[in-house]
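Reader: I should be grateful for a close look at a single part of this model, the site around the first ligand. Please describe what lies there and how the neighbouring features relate to one another.

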Amino acid sequence: ESHPRIASSVSSFSVDTESLQKQIEELSTFSDTPAPSVTRILYTEKDLLARRYVKNIMGLSGLSVREDAVGNIFGRWDGYENKLAGVATGSHIDAIPYSGKYDGVVGVLGAIEAINVLKRSGFKPRRSLEVVLFTSEEPTRFGISCLGSRLLAGSEELNKALKTTTDNQNISFLEAARSLGYAKDQDDLSSVFLDKGSYSAFVELHIEQGPILEEEGISIGIVTAIAAPASLKVEFEGNGGHAGAVLMPNRNDAGLAAAELALAIEKHVLESGSIDTVGTVGILQLHPGAINSIPSKSHLEIDTRDIDAERRNLVIEKIHQSSIRIAKSRGVRLSEFLIINQDPPALSAEAIVKAMETAAAELNLTHKLMISRAYHDSLFMARVSPMGMVFIPCYKGYSHKPEEFASIQEISNGVKVLALTLAKLSLQ
Ligand code: HGY
Ligand code: MN
Ligand code: MN
Ligand code: MN
């Protein structure tokens with residue numbers, strides 16, 4: 001049963017749906033592509049405007065705001081025992097090209113609204129509550145997913161890599177960060193690492209990015225595990241040449257090598273024996289990219305995941321073998337085979353799953369346990385704090401495209417479950 005001090009207020013949980021809807025619309029206008037799509041890439045001018053917008057809303061909610069060296073933004077509501085480890089919640093506001101306005105945003109604006117709900121209900125937090133806006137969950141600009149939360153989770157490897165990472169315009173990560181006033185005169189970013197035990201719990205509210213909740217007419221998803229993501233970069237090089245004059249036996253077409261590898265990836269994924277294994281080639285570039293020039297270079301970026309890391313790693317091994325075999329059989333050079341990240345899955349903490357189930361039940365919301373096939377900042381926060389995630393349904397499960405949609409009613413349900421879960425965890 002809920003702690004006596006919250007029970008009375010649950011019924012008085014009121015979400016300001018109008019202002020939350022307006023905020024979601026306004027935030028979506030900070031985009032490099034026309035509505036209804038959203039494109040908001042790390043450390044661009046639109047990202048800066050969006051950060052300012054969210055910091056302002058945090059301020060209006062009475063949160064004290066701070067930022068770390070890479071622009072993770074923290075809005076804190078001090079508890080009456082604020083020496084204790086706090087309870088955190090949050091998500092991201094960066095958006096991949098031509099995507100939607102809810103991915104990540106629901107877990108940032110919704111988290112701030114959850115704070116407002118608790119304040120309006122008269123709740124007083126024991127453990128401080130902190131809303132986190134993670135810098136760059138999407139891998140778009142520097143090819144690194146969950147950059148901010150990976151660093152918060154203490155990744156020395158990433159700290160080192162960021163000293164030399166550049167984007168495809170050859171702008172370095174540090175230069176881009178400094179253009180927004182972050183990473184001031186420091187190449188070493190270990191100041192971002194969270195001290196162990198900083199949080200007693202981390203909970204993220206997010207759209208499901210899948211069709212299950214909507215299909216089954218369930219309001220709340222309670223995530224038990226997050227699938228293990230991996231991304232690879234592969235390049236083939238051949239002699240290229242004139243698309244008319246070079247006869248077929250004399251060609252070593254890097255584009256066809258890429259095409260053959262893409263289909264081999266699909267085969268390796270499908271033969272894994274599990275529906276949970278997925279893979280795609282999200283980026284495929286051909287050089288020089290002229291219709292009448294045989295591709296002399298192909299560049300593939302591959303995303304493959306599974307809830308079972310071993311099974312996923314086997315797929316990666318097979319992709320490597322196929323890359324070598326195809327290069328040999330087509331007489332092209334395998335000029336790059338790079339595993340960018342190969343992360344383990346994360347399990348939600350029992351106690352947080354329980355708190356979320358009780359919260360959903362007390363709010364009379366239908367709910368079910370499920371896994372997250374998308375990764376989230378929670379995947380890395382789970383390395384430094386007990387973690388949990390609340391899902392809400394989204395239209396046909398669409399995400400990472402402009403048709404992404406979640407109704408304000410569904411969002412409001414998620415905000416209430418988040419608010420009640422945060423309250424419970426704060427009083428523990
Ligand atoms: O790709 C993902 O899983 C996340 O939505 N960025
Ligand atoms: Mn995403
Ligand atoms: Mn997301
Ligand atoms: Mn994600």
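Author: In this predicted model, an oxygen atom of ligand 1 lies 2.6 Å from an N or O atom in the side chain of R305. An oxygen atom of ligand 1 is also placed 2.9 Å from a polar backbone atom of Y375. A nitrogen atom of the ligand, in turn, is 2.7 Å from an N or O atom in the side chain of E138. Taken on its own, ligand 1 has 210 Å² of accessible area, and the protein covers 94% of that area.

The shell around ligand 1 consists of E137, E138, Q209, R305, A374, Y375 and H400. By residue class, this shell comprises three charged, two polar and two nonpolar members.

Two residues of the shell, E138 and H400, also serve the manganese ion (ligand 2). That ion is coordinated at 2.1 Å by D103 through OD, by E138 through OE and by H400 through NE2. Along the sequence, the donors follow the spacing D-x34-E-x261-H. A further manganese ion, ligand 3, is 3.6 Å from ligand 2, and D103 coordinates both ions. E138 belongs to the loop between strand 6 (129-134) and helix 5 (147-152), and H400 to the loop between strand 15 (387-392) and helix 13, so the pair ties together parts that are 262 residues apart in sequence.

The accessibility of these two donors can be stated as well. E138 has 5% relative accessibility and therefore counts as buried, the limit being under 20%. H400, at 37% relative accessibility, counts as partly exposed, because its value falls between 20% and 50%.

Helix 13 bounds the loop that holds H400, and it spans residues 408-427, with T421 among them. T421 has 0% relative accessibility and so counts as buried. Leaving aside residues up to four places away in sequence, T421 touches V203, A355, M356 and A359.

Strand 6, which bounds the loop of E138, also borders another loop: S121 is situated between helix 4 (105-120) and that strand. S121 counts as buried because its relative accessibility is 16%. Its side chain reaches the backbone oxygen of L118 at 2.8 Å.

How values were computed: Residues numbered from 1 in each chain as written. Chains lettered and ligands numbered in written order. Predicted model: local features only at pLDDT ≥ 70, side-chain atom pairs only at ≥ 80, totals over all residues. Heavy atoms only, no water. Helix = DSSP H or I, 4+ residues; strand = E, 2+ residues; numbered from the N terminus. Buried < 20%, exposed > 50% of the residue type's maximum accessible area, 1.4 Å probe, protein only. Contact = heavy atoms within 4.5 Å. Donors = N, O, S within 2.8 Å, 3.2 Å for Na, K, Ca; no water. Near = heavy atom within 4 Å. Polar contact = N/O pair within 3.5 Å; in protein donor to acceptor, adjacent residues only side chain to side chain. Areas by Shrake-Rupley, 256 points an atom, 1.4 Å probe, with all protein chains shown as cover. Nonpolar A, V, L, I, M, F, W, Y, C, P; charged D, E, K, R; others polar.
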